[in-house]
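Dear colleague,

Please find below the sequence and structure that I am handing over to you. My notes on what was found follow directly after them.

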Amino acid sequence: MAERHHSGNEAGRNLPPLSLHVPEPHFRPGDEADFSTFDIPAADAAPRPDETAAASDMRDMAYGLVRVLDEDGQAVGNWNPNLPPETLLRMLRAMALTRAFDERMFRAQRQGKTSFYMKCTGEEAVAVAAAMALDRDDMCFPSYRQQGLLIARDWSIVDMMNQIYSNKADRMRGRQLPIMYSVREAGFFSISGNLTTQYPQAVGWAMASAARGDTRIAATWCGEGSTAEGDFHSACTFASVYRAPVIMNVVNNQWAISSFSGFAGAEATTFAARAVGYGIAGLRIDGNDALAVYAATRWAADRARSNAGPTLIEHFTYRVEGHSTSDDPGQYRSADEGSHWPLGDPIARLKQHCIGLGIWDEERHTAMDAELATMVKDAAREAEKNGILGHGMHQPFETMFEDVFEEMPWHLREQLQQAIDEKKAAGI
Amino acid sequence: MSEVAKEVAGDVADEADSAPKQMNMIQAINSALDVMMARDPDVIVMGEDVGFFGGVFRATAGLQAKYGKNRVFDTPITECGIIGVAVGMGAYGLRPVPEIQFADYIYPALDQLVSEAARLRYRSAGEFIAPMTVRSPFGGGIFGGQTHSQSPEGIFTHVSGMKTVIPSTPYDAKGLLIAAIEDNDPTLFFEPKRIYNGPFDGHYDRPAKSWAGHADAQVPEGYYKIPLGKARTVREGGALTILCYGTMVHVVVNTIADAGVDAEIIDLRTLVPLDIEAIEASVKKTGRCLIVHEATRTGGFGAELSAQVQERCFHHLEAPIERVTGFDTPYPHSLEWAYFPGPIRIREAMTKILKD
């Protein structure tokens with residue numbers, strides 16, 4: 001056996017033994033979820049600093065919770081964006097479409113039509129309301145759970161499904177895991193799959209925009225779990241140093257696969273409070289409140305556009321479903337956390353708000369859900385005409401060697417020829 | 001300037017502004033950056049200490065004063081951030097030339113280089129590209145110890161989607177750097193810092209030479225480029241082929257002269273894409289092949305070269321292929337010259353290859 005170098009306490013010094021703290025979530029399978037100890041401030045409690053306020057004058061915002069919709073679905077307080085009815089209904093529809101899309105694609109994966117899917121159930125407001133508060137040409141650097149950005153920007157859901165099916169109409173040519181979209185035309189950067197690498201990239205894009213005297217800003221998203229990555233901290237440092245016009249969103253949905261937020265530091269402080277150390281404006285907001293997401297994003301966008309610097313927004317929300325189709329959350333968390341989540345469901349809350357305003361009702365909502373279900377079903381059929389994963393080769397295999405470099409160098413041409421020869425020899 | 005280099009330059013240089021001037025490698029790199037920043041407003045330079053100060057090796061001296069802080073700026077000390085930001089700037093449409101102060105410091109940027117920059121074109125099917133050139137001094141011979149001496153090129157040549165370029169002269173450094181900056185693929189440009197100020201013959205105990213009077217230190221002041229993927233035949237010969245790059249080119253030139261061996265010396269200049277035609281033609285002619293690099297041996301780029309030569313030239317080989325490399329140890333500070341693959345190790349290997 002190799003010699004071991006750890007030092008034991010053989011000397012038996014007369015000191016109390018140290019102990020290691022390993023975080024443990026409050027509830028595990030079989031436990032009844034109880035969030036009654038959660039500190040949820042009143043919806044109208046949060047002050048709204050001026051967009052150009054010094055970050056040092058608004059540190060409390062990182063420990064509070066910006067809300068707009070109260071328990072009765074009324075929009076209250078300083079952050080109420082006072083959106084016109086058509087904007088509210090467009091937001092509601094985009095969120096409902098996102099959920100319908102997720103349902104359909106989750107089912108498609110279970111039916112074996114693709115390898116993988118990730119839902120954003122319960123987090124629809126985080127992406128949809130943000131997209132609506134940004135300008136259409138602001139650049140988004142998303143993580144893998146912001147499909148709502150594309151849907152809110154009216155991107156073709158058939159195109160998204162083509163990517164999920166890796167079929168012959170997939171613009172990514174079947175190269176990327178399902179849902180790792182790239183839509184330059186919709187200001188949506190190629191999703192990596194490696195966590196939080198998009199953070200410094202968004203800051204770089206924003207720095208370039210500022211250096212060029214452009215007016216467009218960048219926004220990026222990561223989960224609370226991956227705020228632990230070095231990229232997150234590199235990005236915050238760069239954003240702070242150059243006052244980059246960027247909005248950095250942390251989607252705190254409480255779970256990173258099976259690791260609860262405590263493994264990213266949530267027992268010690270909030271994620272918005274990361275901003276305090278960097279001298280960045282930090283907002284902690286109710287991520288299940290579409291109007292709060294809209295208001296905070298618009299505040300941060302205005303701040304960035306007036307050269308007042310970046311904003312870090314923690315969206316406090318809950319991942320209602322598993323991490324992905326490969327995950328079974330019943331193995332590690334209480335089954336009723338989602339239904340007990342004290343900040344409710346973002347779609348139900350916005351719906352209640354619209355009904356309260358008299359611009360919406362249950363009948364119309366039911367009709368919309370039915371219409372959207374049909375729409376995604378039809379879209380899926382349309383996409384399936386282009387093929388589904390695993391049923392034949394949808395891209396010519398030669399495309400595997402393309403786009404590695406701008407021009408294919410000899411070694412790839414040689415390997416392509418090898419592949420052609422192999423197929424020929426095998427009689428394919 | 002060598003004949004081969006002149007020929008290459010003749011194809012692409014703007015002769016009108018190509019008056020040659022004596023430059024060391026730092027000055028040639030600085031000139032390349034200057035030329036490209038003047039030609040292309042999308043080119044920006046960033047890195048630790050590169051701005052006001054002009055870089056710890058002075059490679060970016062004067063650029064901030066000339067082109068402004070929006071195009072030449074100092075960065076926080078986070079290589080991950082530097083490369084991540086460069087990816088974002090490339091997505092915006094700029095052409096960043098980030099500097100990693102020492103190649104030994106590049107590892108925090110590995111994920112952004114390997115998983116992001118190198119794969120962006122592929123994964124987005126060309127929607128986004130990362131047209132960056134990462135400059136980084138590398139290699140030993142300056143008593144830099146284990147953290148200022150490494151040659152990590154083999155880590156990057158193993159990655160798909162990334163080019164790796166290593167110059168060995170001031171003339172090549174400028175022409176290759178301009179080509180790398182114009183290239184739309186992410187490129188690592190490793191600068192052999194031992195020969196920044198003069199060619200090195202491998203004898204650390206002799207007085208250092210400068211580039212003054214060296215033919216390859218005559219560098220045109222204007223724009224010219226040397227295509228990536230083209231090796232340079234430094235010397236024609238019949239006894240054996242020696243494949244090398246960077247500092248080792250000069251060590252090899254001197255060693256074969258001292259030993260009186262009629263070797264053909266190929267300076268690879270670009271490791272990916274590799275000039276396989278030049279290699280194959282030379283080894284088929286000489287029938288013997290020695291590979292020399294300073295990097296550690298196991299899994300190094302020499303292993304790839306050895307495999308390529310064996311696959312293509314097996315029936316022409318008259319002796320086993322030999323590799324002269326750094327040892328598979330960290331770069332030791334006080335034992336630097338026992339580690340460095342210098343004239344003694346090269347002579348031993350040549351003797352082995354030539355004995356039958």
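**Contact between chains A and B**

In this predicted model, chain A uses 36 residues to contact 35 residues of chain B. On the side of chain A that touches chain B, the elements contributing two or more residues are α5 (198-211), α6 (230-241) and α12 (410-425) of chain A. The most is given by α5(A), which supplies 10 residues to that side. By character, the residues on the side of chain A that touches chain B comprise 16 nonpolar, 13 polar and 7 charged.

**Packing of α6(A) against α4(B)**

One helix pair across the two chains may be of interest to you. Helix α4 of chain B spans residues 79-92, and α6(A) packs with it at an angle of about 75 degrees, the two axes being 9 Å apart. An angle of 65 to 115 degrees counts as roughly perpendicular, so α6(A) and α4(B) are roughly perpendicular to each other. From α6(A), the contact involves G230(A), D231(A), S234(A), A235(A), T237(A) and F238(A), while α4(B) provides C80(B), G81(B), G84(B) and V85(B). The residues of this contact between α6(A) and α4(B) divide into 4 nonpolar, 5 polar and 1 charged.

**Domains of chain A**

Two domains are assigned in chain A: domain 1 covers 55-324 + 337-384, and domain 2 covers 396-428. Taken over C-alpha atoms, the centres of domain 1 and domain 2 of chain A are separated by 39 Å.

With kind regards

Note on methods. Residues are numbered from 1 along each chain as its sequence is written. Chains are lettered from A and ligands numbered from 1 in the order in which they are written. This is a predicted model: local features need pLDDT of at least 70, side-chain atom pairs count only at pLDDT 80 or more; totals for chains, interfaces and linings use all residues. Domain bounds come from an automatic or database domain assignment. Two residues are in contact if their C-beta atoms, placed from the backbone, lie within 7 Å. Helices (H or I, at least four residues) and strands (E, at least two) are DSSP runs, numbered from the N terminus. Ala, Val, Leu, Ile, Met, Phe, Trp, Tyr, Cys and Pro count as nonpolar, Asp, Glu, Lys and Arg as charged, and the others, Gly among them, as polar. Axes are lines fitted to C-alpha atoms, for helices over the stretch in contact, and angles run from 0 to 180 degrees between N-to-C directions. Angles under 35 degrees count as roughly parallel, over 145 as roughly antiparallel, 65 to 115 as roughly perpendicular and the rest as oblique.
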